[in-house]
Amino acid sequence: MKSPCVAKCKNNAGICSGCWRTMTEISHWIAYPEQQQLAIMADIKAINATHQCPQCQQPAQCDISEGKSTCWCFDIEPRQTLAGSSSACLCRQCLSSMPTI
Ligand SMILES: [Zn+2]
């Protein structure tokens, strides 16, 4: 599979603000089997959304909610999230736009 890089990649404290992959996903991209690449792309597009982003109300995907032991958000630098919004994770776009702690 071709890299989903959109040629405006910018490492925004652990997540790319162009293609929304984490730096871990980008650095291992070539080594991932195509099935895993497609799964990551589906996660980024929230095709199998687990919840609604509390900030933008768009579909969002959380690996923990899917029963996995880690989440993509563990790979990025911690962000300041709004107080009281701990109920649900932000989507990749919103989380990456938050200031780091
Ligand atoms: Zn959002």
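This report covers the zinc site, the nonpolar cores, the cysteines and one loop residue of a predicted model.

## Basis

Residues are numbered from 1 along each chain as its sequence is written, and side-chain values use heavy atoms, without hydrogens or water. In this predicted model, local features need pLDDT of at least 70 and side-chain atom pairs count only at pLDDT 80 or more, while totals for chains, interfaces and linings use all residues.

## Zinc site

Four cysteine sulfurs hold the zinc ion as protein donors: SG of Cys53, Cys56, Cys91 and Cys94. They lie 2.2 to 2.3 Å from the ion. Donors here are N, O and S atoms within 2.8 Å of the metal (3.2 Å for Na, K and Ca); water is not among the atoms, so sites may look incomplete. The angles among the four donor atoms are 102 to 120°, and the site is tetrahedral (four donors, all angles between 85 and 135 degrees). The ideal angle for four tetrahedral donors is 109.5 degrees.

The donor spacing in sequence is C-x2-C-x34-C-x2-C. Cys53 sits in the loop between strand S3 (51–52) and strand S4 (59–60), and Cys94 in helix H3 (residues 92–97), so this pair ties together parts 41 residues apart in sequence. Helices (H or I, at least four residues) and strands (E, at least two) are DSSP runs, numbered from the N terminus. Cys53 and Cys94 are both buried (under 20% relative accessible area, 1.4 Å probe, protein chains only). Cys91 is buried too, at 6%.

## Nonpolar cores

The largest nonpolar core has 13 residues. Such a core is a set of buried Ala, Val, Leu, Ile, Met, Phe, Trp, Tyr and Cys residues joined through side-chain atoms within 4.5 Å. Cys53, Trp72, Leu90 and Leu95 have the most contacts inside it. Apart from this core lies another, of five residues, including Trp29, Tyr32, Met41 and Ile44.

Beyond its neighbours within four places in sequence, Trp72 is in contact (heavy atoms within 4.5 Å) with residues including Ile15, Leu90, Cys91 and Leu95.

## Cysteines without disulfides

The disulfide count is zero (the rule asks for a pair of cysteine sulfur atoms within 2.5 Å). Cys62 is buried, with a relative accessible area of 4%. Its closest cysteine sulfur is in Cys89, at 4.1 Å, which is too far for a bond.

## Ala49

Ala49 is in the loop between helix H2 (34–44) and S3. At 37% relative accessible area, Ala49 is partly exposed (between the buried limit of 20% and the exposed limit of 50%). Outside its neighbours within four places in sequence, Ala49 contacts Pro59 and Ala60. Ala49 and Ala60 are eleven residues apart in sequence, yet 5.1 Å apart in space, C-alpha to C-alpha.

Terms used: Tetrahedral: all angles 85-135°; square planar, octahedral: opposite > 155°, others 65-115°.
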